[in-house]
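Here are my notes on the two-chain model you sent round. I've kept them as numbered points so you can check each one in your viewer.

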Amino acid sequence: MFNADVLTRAAIALAISLGCLGVYLFYNWTLEFRTRHLLADLDPKPPDAFTLVYFTTPTCVPCKTVQRPAIQKLRQMLGTALHVVEIDATERPDLADRWGVMSVPTTFLIDPRGKLRHVNHGVARAEKLLMQIHGG
Amino acid sequence: MTTQTQNLQKVDHNALKANQLTIITINLLAFIFNFPILAAIVAVVMGLGSLLKVPGFLPLYRYFYKPLGLLKPDVLDDNPEPHRFAQFLGFIFMTGGSVALFLGASALGWGLVWLVIVLAALNAFGGFCVGCAVYYWLVRLNVPGFAKIPPAGFFPGMKPKARV
């Protein structure tokens, strides 16, 4: 059953899958690269603080019911170690466009050195954000 | 001129995901073991799903994925029409691929099958439905029969995450 032809085809399937994964990782890398140059968009942040860039809109229900409370909880826990920048995508569509935001909520976690650590498309709960901050 | 509307309905996105995962799995098996008949079966199921306006592999979701706890309902406010259109597009590609394979045009046939695999994977793992994006693009072009606009605040084709 597992003859050479099957193994060759399995190898091709694996190669294509890895290629797709590579494209995905490259997309994330370009997002990171692009974001590196976008930090100038933000207010000056306190030194040694993580920055959470949070894109929302006034009509976004999960932003109000889940994402904002999660960020507030995180702020209480981390204090000045977390700098939050909230951006209304309807007021600043230029920023949403430059940051590649396609849906809200979207959060970008940037470490104190200005390196993008994580992008969360959709709701990211406090526990998840905390894990991303501590986990690297 | 078509009237564009936003009348969102409850759509279980994990029923769609189950459909996509099954399509990916069967198509991969078809390719690896060189069984074009499996690709043809996927085409037929997607065609039936399009006809009945449900995800083709919905019974698998109801009687396999859900009872085993592999997937739980993920009901979001969304338009079902673009997802049906995406499945119909998949059906067209799969039918073309299957016919090509049975006629001996392996490269074209497997190329179309792989196109469906990649698009289904993009939807299942990346949350982006290319067929839905095409649907919304046709709406913008005022093509008759295409009337639904994307949920507010979401890029056309992106899964409306965590909307409650």
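1. A bit of vocabulary before the sheet: two strands are said to pair if DSSP finds at least two bridges between them. In chain A, strand β3 (residues 106-110) and β4(A) clear that bar, pairing in the antiparallel sense over 5 bridges. One register point to look up is Thr106(A), whose bridge partner in β4(A) is His121(A). Bear in mind throughout that this is a predicted model.

2. Now the whole sheet. It is an open sheet of 4 strands in chain A, with mixed pairing and the order β2-β1-β3-β4. Which strands stand at the edges? Those are β2 (82-88) and β4 (116-121) of chain A; each has a single partner strand, so one side of each is left without a neighbour in the sheet. On average, neighbouring strands are turned by 15 degrees against each other, direction ignored. Helix α4 (residues 126-135) of chain A packs on this sheet and touches β1 (50-56), β3 and β4 of the chain. The direction of α4 makes about 25 degrees with that of β3(A).

3. Overall make-up of chain A: there are 4 helices and 4 strands, and from the N terminus on they run α-β-α-β-α-β-β-α. The radius of gyration deserves a look. A compact globule of 136 residues would come out near 14 Å, but chain A has 19 Å. Its C-alpha atoms fill a box of roughly 60 × 30 × 30 Å along the principal axes. Of the 136 residues, 24% count as buried.

4. The domain split belongs next to those numbers. The assignment for chain A gives domain 1 (1-37) and domain 2 (39-135), with 29 Å between their centres, taken over C-alpha atoms. How many residues of each are in contact with the other? It's 5 residues of domain 1 and 7 residues of domain 2. By class, the domain 1 side of that contact has 1 nonpolar, 1 polar and 3 charged residues.

5. On to chain B, which comes to 6 helices and 2 strands and reads β-α-α-α-β-α-α-α along the sequence. Its radius of gyration is 16 Å, close to the 15 Å the globule rule gives for 164 residues, so chain B is as compact as a globular protein of that length. The box around its C-alpha atoms is roughly 45 × 40 × 25 Å along the principal axes. Buried residues make up 42% of this chain. If you look at contacts in chain B with a separation of 6 or more, 73% are between residues 24 or more positions apart.

6. Asn19(B) is a residue I'd click on. It lies in helix α1 (residues 13-32) of chain B. Is Asn19(B) buried or exposed? It has 27 other C-beta atoms within 10 Å, and the cut-off for buried is 20 or more, so Asn19(B) counts as buried. Leaving aside neighbours within four places in sequence, Asn19(B) is in contact with Pro55(B), Gly56(B), Phe57(B) and Leu58(B). Ala124(B) is 105 residues away from Asn19(B) in sequence, yet the two are 9.1 Å apart in space, C-alpha to C-alpha.

7. Last, the contact between the chains. It takes 18 residues from chain B and 20 residues from chain A. On the chain B side, the elements that give two or more residues are α1 and α5 (106-126). By class, the chain B residues divide into 13 nonpolar, 3 polar and 2 charged.

Terms used. Residues are numbered from 1 along each chain as its sequence is written. Chains are lettered from A and ligands numbered from 1 in the order in which they are written. This is a predicted model: local features need pLDDT of at least 70, side-chain atom pairs count only at pLDDT 80 or more; totals for chains, interfaces and linings use all residues. A residue is buried if 20 or more other C-beta atoms lie within 10 Å of its own, exposed if 12 or fewer, and partly exposed in between; C-beta atoms are placed from the backbone. Two residues are in contact if their C-beta atoms, placed from the backbone, lie within 7 Å. Ala, Val, Leu, Ile, Met, Phe, Trp, Tyr, Cys and Pro count as nonpolar, Asp, Glu, Lys and Arg as charged, and the others, Gly among them, as polar. The radius of gyration is taken over C-alpha atoms; the globule rule is 2.2 Å times the number of residues to the power 0.38. Axes are lines fitted to C-alpha atoms, for helices over the stretch in contact, and angles run from 0 to 180 degrees between N-to-C directions. Domain bounds come from an automatic or database domain assignment.
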